[in-house]
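Dear colleague,

I am passing on a structure that you have not worked with before, and below it I have set out what was found, taking one region at a time. Please keep it open beside this message as you read.

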Amino acid sequence: MDRLLVVDDDPLIHTLLQNTFTRPKYALTSVVSAEEGLESFRAESPDAVLLDVRLPDMSGLEAIERFTEIDATVPIIVITANGESDSAIEAMKLGAYDYLVKPLDLKHVGQLISSALNMRHLMAVTVSLGENPVDDQQQGEALIGNSATMREVYKSIGRVAPRAVTVLLRGESGTGKELVARAIYQHSQRAHRPFMAINCAAIPENLLESELFGHEKGAFTSADRLRIGKFEQCNGGTLFLDEVGDMPLPLQSKILRVLQEQRFQRVGGNETIATDVRIIAATHRDLERLVAEETFRADLYYRLNVVSIVLPPLRDRIEDLGPLVDHLVRRFGRELDSEVTKIAPDVLEMLANYPWPGNIRELQSALKQAIIQASGSILMVDHLPETIREPDEDHRSSTRDRRQRDDDELHWSQFLAENLEQGTTSLYADSIEHLERFLIRRVLEHTGGHQSHASEILGITRSSLRNKIRNLGIQIDQVVRAGEECDDVISSMAAD
Ligand SMILES: Nc1ncnc2c1ncn2[C@@H]1O[C@H](COP(=O)(O)OP(=O)(O)OP(=O)(O)O)[C@@H](O)[C@H]1O
C-alpha cells in the first residue's frame with residue numbers, strides 16, 4: 001500500500017483525492033496546514049506528498065525546504081492555482097517532483113502520482129547483494145547470485161559506491177544494470193538525496209534534451225512555460241542515465257560538459273546553471289564500436305568508461321540459475337497466489353540448457369508463465385513456455401552463434417585482406433597482436449574485468465597481463481579493477 005500525504009487547506013481537494021486514491025492500494029492522510037503536514041510527514045513517512053503552495057501558516061516554498069530537510073527522497077507534487085507557475089518553477093528548483101494546476105485533472109494527477117511513486121520505489125526499496133532470501137515476506141529486492149563474476153560485481157559496487165565518481169554499467173539487456181545502479185546509489189553518500197532515472201532510448205531526441213536540461217519559455221513552439229530539467233531538479237542527487245549509448249550526438253556534448261564542469265544551459269536559455277549531480281550511466285551497446293562508427297563521442301566514452309562494471313549474461317553464470325529460480329518461484333508463487341513451492345529436477349536442467357538472450361528479465365517472464373500454467377505444488381517441464389522447451393533453431397544454435405560472433409569479432413578475413421592490400425611487412429606480429437587483443441578482452445569479459453582471475457585462466461602472470469593490457473590499449477580492463485589497483489584509480493578520480 002502506498003501512503004500519500006495531502007497538505008491543502010481546500011476541503012474540496014481533500015474530498016476529491018480521498019474518493020480517488022482509495023484503499024487497499026493507497027492510504028491517504030489529509031491535513032490542512034504546513035505544520036500539520038510536517039508532523040504527519042515525520043510520523044508516517046509517506047511515499048509521496050501533494051502540497052498546496054498557498055497554505056495559511058507557511059509559504060509553499062518554505063514548506064518544501066522543511067520537508068526535504070526531513071527526507072529529500074520523498075517526492076513532493078506541488079498544487080498551484082492557475083497563474084502561479086512562477087511558484088511552481090521555484091518549487092521544482094528546490095527539488096519538488098512536479099506540479100499540478102487547479103482545477104485538478106484526475107487522470108493527470110493519477111499519472112503523476114504513479115510516476116512519483118515509481119521514483120520513490122527506486123530510492124526506497126533496498127537492493128541487497130548476493131542474497132538468497134529465505135524469508136519469503138522480505139521487503140526489498142536482491143541481486144541474486146554468488147558466482148565468481150557476481151561476487152566481483154558486488155565488490156565493485158562496494159568500492160565505487162562511496163566515491164564521487166561517474167560509473168558506467170555495461171551488460172546485455174536484463175542483466176540487472178538498473179538494480180546495480182540503485183545499489184550503488186543506496187550505498188553512496190548521496191543515499192539521502194534523490195535518485196532519478198531516465199531512459200535515453202525511450203524518449204524522442206527533442207524531448208530528451210528538455211527532460212534532462214529543461215527549457216526556457218518560448219524555446220520552441222510548444223514551450224509555453226519554463227521547464228526545469230532533471231539536472232537541475234536532481235541537484236545534490238544521483239541521475240541514472242539508462243541506455244546512454246542511444247543518446248543522440250548533440251546531447252552527448254551537453255552531457256560531457258556537465259560531467260566536466262557541472263554546468264549546463266536550459267534549452268533556449270543563456271544562463272549557465274551549476275549543478276552537482278552524480279551520474280551513473282548504463283548501456284547494453286558496444287560503445288567501442290559506436291565510437292569507431294562515430295555515433296558515440298570518444299571523449300564522452302573515455303569520461304564515462306573510467307570506472308565501469310560489467311554485468312555478466314545469465315548463460316555465463318549458470319551456477320546462479322538454481323538460487324535465482326528458487327527466489328523467483330517463491331516470489332511469483334506468492335504474488336500469483338499459486339500453490340507451486342517446488343520445481344521438478346529436469347526443469348532446472350532444461351532452464352540451464354537455454355541461452356537466455358533476455359537474461360533475468362526473460363527468466364522472470366518464463367517462470368511467471370510456468371507458474372500460471374501449473375496446477376499442483378510442483379512446477380514441471382510441461383509448464384514451461386514452448387520457447388524454452390523447444391527453442392527454435394535461433395536459440396538452439398545460440399551458443400554456437402555466440403562463438404561464431406566472437407570469432408567474427410576478430411574480423412580475420414577483413415583484417416588479412418586489408419593488411420595484404422596495404423603490402424604489409426609485419427603481418428605475423430600484427431596478427432598475433434590482433435589475436436592477443438581479442439583473447440584478453442574476451443577473458444576479461446568472462447571474469448567481469450577481474451585481472452587475477454583472468455591471468456590464472458590465461459596462464460600468465462598478473463604483471464604480464466597488466467603490461468599486455470596497457471600495450472594493447474585495452475579499455476575493458478577498466479571494467480572492474482582488482483584490489484588496490486581499483487582503489488588507486490577511484491581515489492584519483494575522486495580527487496578529480
Ligand atoms: N541478479 C539478479 N537477481 C535478481 N533479480 C535480478 C537480477 N538481475 C536482474 N534482476 C531482475 O531482472 C529484471 C531486469 O533487471 P534490470 O532492469 O536491472 O536489467 P537491465 O540490465 O537494466 O536491463 P535493460 O538493459 O533492458 O534496461 C528486473 O526485474 C530485476 O529486478
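**Helix packing around α13**

Helices α13 and α15 are oblique to each other, because angles under 35 degrees would count as roughly parallel and 65 to 115 as roughly perpendicular, and the angle at which α13 (residues 321-335) and α15 pack is about 50 degrees. Their axes lie 10 Å apart, and α13 passes α15 in a right-handed crossing. Please bear in mind throughout that this is a predicted model.

Helix α13 also meets α14, which covers residues 345-352, and there the two axes come within 11 Å of each other and cross at roughly 120 degrees. The pair α13 and α14 is therefore oblique as well, and the crossing of α13 and α14 is right-handed.

**The surroundings of the ligand**

Which residues come nearest to the ligand, of the 18 around it? They are Ile144, Ser173, Gly176, Lys177 and Glu178. The elements that give two or more residues to this shell are strand β7 (141-143), helix α7 (177-186) and helix α15 (359-373), the last of these being the helix that packs with α13. Sorted by class, the shell around the ligand holds five nonpolar, eight polar and five charged residues. As for domains, at least three residues of the shell come from domain 2 (127-310), and at least three come from domain 3 (314-398).

**Two open sheets**

One open sheet is made of five strands with parallel pairing, and its order is β2-β1-β3-β4-β5. At its edges are β2 (26-31) and β5 (98-101), each of which pairs on one side only, and the twist from one strand to the next averages 20 degrees. Within this sheet, β1 (residues 2-7) pairs with β2 in the parallel sense over six bridges, and if you would like a place to look, Leu4 has Leu28 in β2 as its bridge partner.

Another open sheet of five strands, again with parallel pairing, runs in the order β9-β10-β13-β8-β14. Here the edge strands are β9 (195-199) and β14 (308-310), each pairing on one side only, while the twist averages 15 degrees from one strand to the next. Strand β9 pairs with β10 (residues 238-242) in the parallel sense over five bridges, and the bridge partner of Met196 in β10 is Leu239.

**Backbone details in the loops**

Where are the cis peptide bonds that I would ask you to look at? One joins Arg23 and Pro24, with omega at about 5 degrees, and Pro24 is found in the loop between α1 (11-20) and β2, the latter being an edge strand of the sheet that contains β1. Another joins Lys102 and Pro103, with omega at about 0 degrees, and Pro103 has its place in the loop between β5 and α5 (106-124); β5, too, is an edge strand of that sheet.

A further residue to look at is Gln262, whose phi is near 55 degrees, a positive value in a residue other than glycine. Gln262 is placed in the loop between α10 (249-261) and β11 (263-265).

With kind regards

How values were computed:
Residues numbered from 1 in each chain as written. Predicted model: local features only at pLDDT ≥ 70, side-chain atom pairs only at ≥ 80, totals over all residues. Near = placed C-beta within 6 Å. Helix = DSSP H or I, 4+ residues; strand = E, 2+ residues; numbered from the N terminus. Nonpolar A, V, L, I, M, F, W, Y, C, P; charged D, E, K, R; others polar. Domains from an automatic or database assignment. Pairing = 2+ DSSP bridges. Axes fitted to C-alpha atoms, helices over the stretch in contact; angles between N-to-C directions. Parallel < 35°, antiparallel > 145°, perpendicular 65-115°, else oblique. Left-handed = near helix turned anticlockwise from the far one by under 90°.
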